[in-house]
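Hi,

Here is the structure I said I would pass on. Have a look at it first, and my notes follow underneath.

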Number of protein chains: 2
Amino acid sequence: MALITVGSMAFDAIETPFGKVDKIVGGAATYVAYAAANFVTPVQQVSIVGYDFPKEEMEELKRRGVQLDGVEIVADKKSFFWSGRYHEDMNSRDTLVTDLNVLADFNPKVPDSYQGSEYLMLGNLAPATQISVIKQMKKRPKLIAMDTMNFWMEIAMDDLKEVLTMVDILMVNDAEARQLTGQFSLVKAAKQILKMGPKFLVIKKGEHGALLFHEDSVFFAPALPLEEVFDPTGAGDTFAGGFMGHIAKTGDISFDNMKRAIIIGSAMASFCVEKFGATRLKELTRKDIDRRVEQFKELVNFEIELV
Amino acid sequence: MALITVGSMAFDAIETPFGKVDKIVGGAATYVAYAAANFVTPVQQVSIVGYDFPKEEMEELKRRGVQLDGVEIVADKKSFFWSGRYHEDMNSRDTLVTDLNVLADFNPKVPDSYQGSEYLMLGNLAPATQISVIKQMKKRPKLIAMDTMNFWMEIAMDDLKEVLTMVDILMVNDAEARQLTGQFSLVKAAKQILKMGPKFLVIKKGEHGALLFHEDSVFFAPALPLEEVFDPTGAGDTFAGGFMGHIAKTGDISFDNMKRAIIIGSAMASFCVEKFGATRLKELTRKDIDRRVEQFKELVNFEIELV
């Protein structure tokens, strides 16, 4: 039950009201891999890094069952670098620097050794790149999920519409769902998106939880109320990693199992925000994760017998 | 199992992106009564109105089991009037007019016929007024809940701190919880508020649901994702009415039953926002309410067996 994950591996500089870090490993595919590898191996990474990406990080990923055959290492360029500063509410941030570096030439190749994998997570990349990855799969995966962002809606809407017809799940945040459809109501936006291709839609609302839409059904998972959100960077990708990790582990793509996947994803994201970057994700034990999922059950569990 | 509810009965003028109404009956106690009377009677109203408050509204309330012995009618003054305009996101609004009128002299008197009632809901009023009502009760009610707002934190913080030591439940919105404590994190704010007196704290987050805190436990109820929020006016008071109505009906003040009360309150609030003012609340049947509560169960219900 392998999971292929396509996306950036990068360096981030992050400033939050609680602290600052000048250079820490980040990137969507990194977060997805660290989260998913708790549930399924191998995680088969497709990415690109520069000469400066730490060997130790590669070793750490491998140790956890992440395959790196699909990670291109460019000898004479630097890794993608992003720098941002969060506002006090932690829901909004300013991007200070975006140095694409190797990412500017990213032309992902799915290695032969990954062929036949049933689960595919397409991180936020140019829609044309996402299409190219899907087309490289000799057998269509059982489940394809994708992320995207407002930038592609502005410059590559036609490609975006095309890739939407090729995937099973779209995972976006509330602002992106609104921009994609021009609908302020998330329920209306969801109805429209489900007509654009995906059979499932996940709308991530950060500290306000996540919604799963499918046909006429909707499921809501809260975010865990935390004393402190230390650093939200990567929380959405960590969510995706937990979600797809659970689906790949169980091999069950029913709506009921996606509800569980959303809870698992939310649990993983709740860890991610506790420390800078992926630091917290690397410390987790199976027991930590089980305990956190139990907290989610307690958080929303109620019994009502209607009289 | 009577429920006493103290608060305003008023006229509102409301403008939303969906429409406009120049004069509609509103006021916290009105919403509380319409919501609560679905679950418990009598609802014993303590309020003040002017000569202009519609007799038919009074009759309608009575017909539903709302007692009005505690509602003072001032012959030569107008009822409280509030006017506001909602922004497109429906989470924020501008107050255009606040004419206190009769409310400026509101000195609530609990009628003898209300003595012995076990449940008391104190709407948003001057903390000194809330204290006066509690002191008028010859036997302390089994459960006292209160609302408040930022205005009282600014001009009557000492009184507010006093009334907080006298109640069991505080119901506020997220901004109010933050202002009351100076804590941005709602979890930290909750810890602090639970030390100020109330044993239970409900934080209302509008479209983002509601949190219930008690000792070290926390429970979360989502808001129902709606295609359209037509008019949010009164949703918080309707929530309080559903909550207290359920508690008074069942006579059970355990944490588990408060979880149910939060779901019932959220269900009632989800109706309130569908039409202007209390219009939708007046149309509801028992079946409508049961069906809505079922929707909440489906919305958050999941099963995870940890492996």
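One spot to look at is B:Gly251, which comes right after helix α8 of chain B and has a positive phi, near 65 degrees. Please keep in mind that this is a predicted model.

The helix before that glycine, α8(B), covers residues 235-250, 16 residues in total. From first C-alpha to last, α8(B) reaches 23 Å, close to the 22 Å you would expect at 1.5 Å a residue. Is α8(B) largely enclosed by the rest of the structure, or exposed? It is largely enclosed, because 14 of its 16 residues are buried.

Now for how the two chains go together. A turn of 180 degrees with a shift of 0.0 Å along the axis lays chain B on chain A, with an RMSD of 0.0 Å. That is how a two-fold axis relates two copies. If you want to find the axis from chain B, go to B:His208: its C-alpha is the nearest one in that chain, 3.0 Å from the axis. Both copies use the same surface, too, as 100% of the contact residues of chain B recur in chain A.

As for the contact itself, 27 residues of chain B meet 27 residues of chain A. On the chain B side, α7 (186-194), β13 (217-221), α9 (255-272) and α11 (286-300) each supply at least two residues. The largest share is that of α11(B), with five residues. Sorted by character, the chain B side has 17 nonpolar residues, two polar and eight charged.

Cheers

Definitions and conventions: Residues numbered from 1 in each chain as written. Chains lettered and ligands numbered in written order. Predicted model: local features only at pLDDT ≥ 70, side-chain atom pairs only at ≥ 80, totals over all residues. Helix = DSSP H or I, 4+ residues; strand = E, 2+ residues; numbered from the N terminus. Expected span 1.5 Å × (residues − 1). Buried ≥ 20, exposed ≤ 12 C-beta atoms within 10 Å, placed from the backbone. Least-squares fit on C-alpha atoms with pLDDT ≥ 70 in both. Contact = placed C-beta atoms within 7 Å. Nonpolar A, V, L, I, M, F, W, Y, C, P; charged D, E, K, R; others polar.
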